[in-house]
Amino acid sequence: AEMELKGIRIDKEKLQAFKAEWQTEVSAIERKYPGTSFTSSMQKAALLKSMGIQIQEVTKTGRLSTAKSVLGNYESPPTRDMLRHSELSKLVSTYTDYKLDANQRVHPEFNQVRADADEGTGATATGRLSSRKPNFQNIPGRTEDGKKVRQCVVAAAGNTLVSFDYDQIEMLIMWYRAGETKMLQFYAEGGDAHTGTAAFLY
């Protein structure tokens with residue numbers, strides 16, 4: 001409750017600058033394909049067909065699929081544009097219009113394990129902390145544009161934000177308790193726990 005009341009500070013000016021940048025790129029992509037709505041799978045499939053790109057995958061209803069996982073299989077300028085358009089549109093619609101208070105803070109709901117974990121509340125069945133309205137765990141962290149959104153989450157003057165990631169902690173505890181010195185050494189040298197386990201087993 002205290003975290004919800006305190007809120008998270010957002011650099012609104014920087015975020016709006018990124019938003020304008022992304023909207024400009026989205027508009028530029030749309031101008032390249034006049035008459036095509038990028039929110040319509042049928043229109044996108046028709047556009048690709050007219051450019052000689054025949055999508056093979058279909059949806060459950062029998063229509064040609066233009067899902068991101070499908071478009072990624074067809075390397076071409078229009079499919080790249082569609083994927084880029086989708087990525088930027090989601091960033092703009094999901095992460096750039098936070099409802100901020102007078103102190104430029106957003107107040108998400110934080111949840112842990114609850115009986116209604118499967119009822120769309122954002123609560124998890126594993127006990128992990130989750131958030132919604134907005135969901136800060138879903139801010140992309142691997143793309144350059146996703147990292148820009150994260151740059152806009154800032155600390156108040158005189159404070160510092162820190163991040164702790166218990167990466168593969170369950171396996172490390174298991175190895176430590178079991179005395180698996182070879183695996184611990186592998187991890188200490190920068191190895192991935194899952195890759196190391198598979199390598200030593202097979």
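A residue is called exposed when its relative accessible area is over 50%, buried when that area is under 20%, and partly exposed in between. The exercises below apply this and similar rules to a predicted model.

**Exercise 1. Determine whether Lys133 is buried or exposed, and describe the backbone around this residue.**

Step 1. Lys133 has a relative accessible area of 57%. The cut-off for an exposed residue is over 50%, so Lys133 is exposed.

Step 2. Lys133 belongs to the loop between β4 and α6. Strand β4 covers residues 130-132, and Pro134 is found in this loop as well.

Step 3. The phi angle of Lys133 is positive, near 55 degrees, although the residue is not a glycine.

Step 4. The peptide bond leading from Lys133 to Pro134 is cis, and its omega is near 0 degrees.

**Exercise 2. Classify Gln104 by its accessibility and state the sign of its phi angle.**

Step 1. Gln104 is located in the loop that runs between α5 and β2, the latter being residues 105-106.

Step 2. The relative accessibility of Gln104 is 27%. Values from under 20% (buried) to over 50% (exposed) leave a middle class, and Gln104 therefore counts as partly exposed.

Step 3. Phi of Gln104 is near 60 degrees, which is a positive value in a residue other than glycine.

**Exercise 3. Describe how helices α3 and α5 pack against each other.**

Step 1. In general, the packing of two helices is described by the angle between their axes and the distance between the axes.

Step 2. Helix α3 consists of residues 41-50 and helix α5 of residues 77-95; the angle is about 160 degrees and the axes are 10 Å apart.

Step 3. Angles over 145 degrees count as roughly antiparallel. The helices α3 and α5 are therefore roughly antiparallel to each other, and their crossing is right-handed.

Step 4. On the side of α3, the contact involves Lys44, Leu47 and Leu48, while α5 contributes Pro78, Thr79 and Met82. Four of these residues are nonpolar, one is polar and one is charged.

**Exercise 4. Identify the buried residues of α7 and explain why they line one face of the helix.**

Step 1. Met171, Leu172 and Trp175 are buried in α7.

Step 2. Viewed down the axis of α7, these buried residues fall within an arc of 100 degrees, so they line one face of the helix. A general rule helps here: an α-helix has 3.6 residues a turn, so residues three or four places apart point the same way.

Step 3. Glu170, Tyr176 and Arg177 are exposed residues on the face turned away from the buried side of α7.

Step 4. The cover over the buried residues of α7 includes α8 (181-188) and α9 (193-201).

Step 5. After α7 comes Gly179, with a positive phi near 70 degrees.

**Exercise 5. Describe the packing of α7 with α8.**

Step 1. The axes of α7 and α8 are 8 Å apart and form an angle of about 140 degrees.

Step 2. Roughly antiparallel would require an angle over 145 degrees, and roughly perpendicular one of 65 to 115. The two helices α7 and α8 are therefore oblique to each other.

Step 3. Leu172, Trp175 and Tyr176 of α7 meet Met183, Leu184 and Tyr187 of α8. The contact comprises six nonpolar residues, no polar and no charged ones.

**Exercise 6. Give the surroundings of Val149 and of Thr66, and decide whether each is buried or exposed.**

Step 1. Val149 is part of helix α6. Its relative accessibility is 2%, so Val149 counts as buried.

Step 2. Apart from neighbours within four places in sequence, Val149 is in contact with Trp22, Leu91, Tyr95, Tyr98 and Ile139. The C-alpha atoms of Val149 and Val92 are separated by 9.9 Å, with the two positions 57 residues apart along the chain.

Step 3. Thr66 occupies the loop between α3 and α4 (68-71). With a relative accessible area of 8%, Thr66 is buried.

Step 4. Apart from neighbours within four places in sequence, Thr66 is in contact with Ser41, Lys44, Ala45 and Leu71. Lys44 also takes part in the contact of α3 with α5.

Notes: Residues numbered from 1 in each chain as written. Predicted model: local features only at pLDDT ≥ 70, side-chain atom pairs only at ≥ 80, totals over all residues. Heavy atoms only, no water. Axes fitted to C-alpha atoms, helices over the stretch in contact; angles between N-to-C directions. Helix = DSSP H or I, 4+ residues; strand = E, 2+ residues; numbered from the N terminus. Parallel < 35°, antiparallel > 145°, perpendicular 65-115°, else oblique. Left-handed = near helix turned anticlockwise from the far one by under 90°. Contact = heavy atoms within 4.5 Å. Nonpolar A, V, L, I, M, F, W, Y, C, P; charged D, E, K, R; others polar. Buried < 20%, exposed > 50% of the residue type's maximum accessible area, 1.4 Å probe, protein only. Arc of directions from axis to C-beta.
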